[in-house]
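Grab your viewer and work through these exercises one at a time. Try each task before reading its solution.

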Amino acid sequence: MPLLSIIIPVYNVEDYIDDCLNSILNQDFSDYEVILVDNASTDKSGHICEEYSERHDRIKTIHLDTNSLPAGARNEGLKHASGKYIHFCDSDDCLFENSFSKISALLLDEAPTVLVGQYISIPEKGAYMSNDVVLNESIFHQNNPISVVDHLYSLPNLLFTTWRFVVEREFLLANHITFPKGCHSEDEEWVPKVLCKADKFALLKEPFYCYRPRASGSITSSRSFINDKSKIMVAFNLLRFCDENRYEDVRKDLIYYRVLLLLGTFFTRCDTFTDENMKELAHIIEGNSDVLDYLYEIPERREFYDIIKKYGAYKG
């Protein structure tokens with residue numbers, strides 16, 4: 001069993017995937033496997049993945065017949081992973097030199113459930129810039145997971161994304177933490193669940209991940225109804241997760257804050273929805289009526305709750 005399984009969803013990244021994979025192959029550490037999930041690419045990405053698999057025993061490629069969004073590709077990769085720890089890497093990003101040896105040393109020394117990392121952003125021309133926040137190393141040394149969650153909650157500019165974490169595989173499986181099917185904004189559901197359930201954290205202070213925002217073509221840079229719909233679906237999923245676990249501490253605060261952000265972004269797009277879009281959203285709201293009341297506990301979204309209660313999901 002390798003120490004690390006690196007799961008990489010791949011979709012139409014023929015101009016980026018070489019940099020990503022070479023940054024892994026050039027590491028000074030070899031106790032890993034790479035699982036490439038070709039998400040029904042229509043360019044040469046799938047062929048490139050196969051070439052790497054043929055040349056390198058530690059790389060395996062899975063081809064999906066239909067695109068299942070990054071969430072589905074990550075779930076598929078997790079099914080095939082055998083490593084003690086999981087890292088989800090995006091196919092248009094890369095890892096800094098010697099990162100794996102630093103990660104492995106920390107994992108072997110502290111045996112955390114979740115390793116939290118830092119990143120450096122190097123955007124394409126025309127893409128947005130994303131600077132990482134400074135994390136307090138002393139809080140991670142307290143061996144108090146609630147204190148870590150409280151610290152991360154206190155950082156409003158912290159980017160909630162899967163690739164800043166390395167997570168114990170058995171922890172993910174035991175807690176049934178996967179990505180929401182058919183959704184974007186999957187990181188916004190996965191990260192809070194991981195943070196709330198983890199019982200031991202470690203911090204790798206030196207940045208190990210190179211985030212390369214793209215000007216166009218990536219999921220993050222695009223706008224569509226499925227993106228908007230996903231935000232409200234993930235918001236309801238988080239409310240249900242909070243209810244099922246009966247959180248009444250900072251973990252509840254963290255989840256409510258992420259719900260607030262998701263719905264805030266969703267509301268800015270409401271004037272773009274068609275009648276069919278509204279019917280689909282109403283169906284989603286009605287299907288989550290059992291957790292709708294929790295919106296009343298978020299003052300900034302109480303008006304949304306009141307409108308739905310008064311007029312119903314569709315008219316509201």
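Two strands count as paired if DSSP finds at least two bridges between them. Keep in mind that this is a predicted model.

**Exercise 1. Work out the strand order of the open sheet, and find its edge strands.**

Step 1: Follow the pairings across the sheet. They give an open sheet of eight strands in the order 3-2-1-4-7-6-8-5.

Step 2: Look at the directions. The pairing in this sheet is mixed.

Step 3: Check the ends. Strand 3 (59-63) and strand 5 each pair on one side only, so these are the edge strands by the pairing rule.

**Exercise 2. Describe how strand 8 (residues 201-211) is joined to strand 5 and to strand 6, and decide whether strand 8 is enclosed or open.**

Step 1: Start with strand 5 (residues 94-95). Two bridges join strand 5 to strand 8, and the two run antiparallel. Leu95 has Tyr209 of strand 8 as its bridge partner.

Step 2: Turn to strand 6 (residues 114-121). Here there are seven bridges to strand 8, and the strands run parallel. Val114 stands opposite Phe201, while Ile120 has Cys210 as its bridge partner.

Step 3: Now for burial, where the cut-off is under 20% relative accessible area. Eight of the 11 residues of strand 8 are buried, so the strand is largely enclosed by the rest of the structure.

**Exercise 3. Find where Asn39 sits, and say whether it is buried or exposed.**

Step 1: Place the residue. Asn39 is in the loop between strand 2 and helix 2. As for that helix, helix 2 (residues 45-55) lies across strand 1 (4-10), strand 2 (32-38) and strand 3, running at about 150° to strand 3.

Step 2: Apply the cut-off. Asn39 has 3% relative accessibility, so it counts as buried.

Step 3: List what surrounds it. Leaving aside neighbours within four places in sequence, the contacts of Asn39 include Val10, Tyr11, Leu64, Thr66 and Pro70.

**Exercise 4. Characterise the packing of helix 6 (residues 145-153) against helix 10 (residues 250-267).**

Step 1: Get the geometry. The helices pack at an angle of about 30°, with their axes 9 Å apart. That makes helix 6 roughly parallel to helix 10, since angles under 35 degrees count that way.

Step 2: Add the handedness. Helix 6 passes helix 10 in a left-handed crossing.

Step 3: Pick out the contact residues. Ile146, Val149, Asp150 and Tyr153 in helix 6 meet Val250, Arg251, Asp253, Leu254 and Tyr257 in helix 10. Sorted by type, the contact has six nonpolar, no polar and three charged residues.

Terms used
Residues are numbered from 1 along each chain as its sequence is written. This is a predicted model: local features need pLDDT of at least 70, side-chain atom pairs count only at pLDDT 80 or more; totals for chains, interfaces and linings use all residues. Side-chain values use heavy atoms; hydrogens and water are left out. Axes are lines fitted to C-alpha atoms, for helices over the stretch in contact, and angles run from 0 to 180 degrees between N-to-C directions. Helices (H or I, at least four residues) and strands (E, at least two) are DSSP runs, numbered from the N terminus. Angles under 35 degrees count as roughly parallel, over 145 as roughly antiparallel, 65 to 115 as roughly perpendicular and the rest as oblique. A crossing is left-handed if the near helix is turned anticlockwise from the far one by less than a right angle, and right-handed if clockwise. Contact means heavy atoms within 4.5 Å. Ala, Val, Leu, Ile, Met, Phe, Trp, Tyr, Cys and Pro count as nonpolar, Asp, Glu, Lys and Arg as charged, and the others, Gly among them, as polar. Buried means under 20% relative accessible area, exposed over 50%, partly exposed in between (1.4 Å probe, protein chains only).
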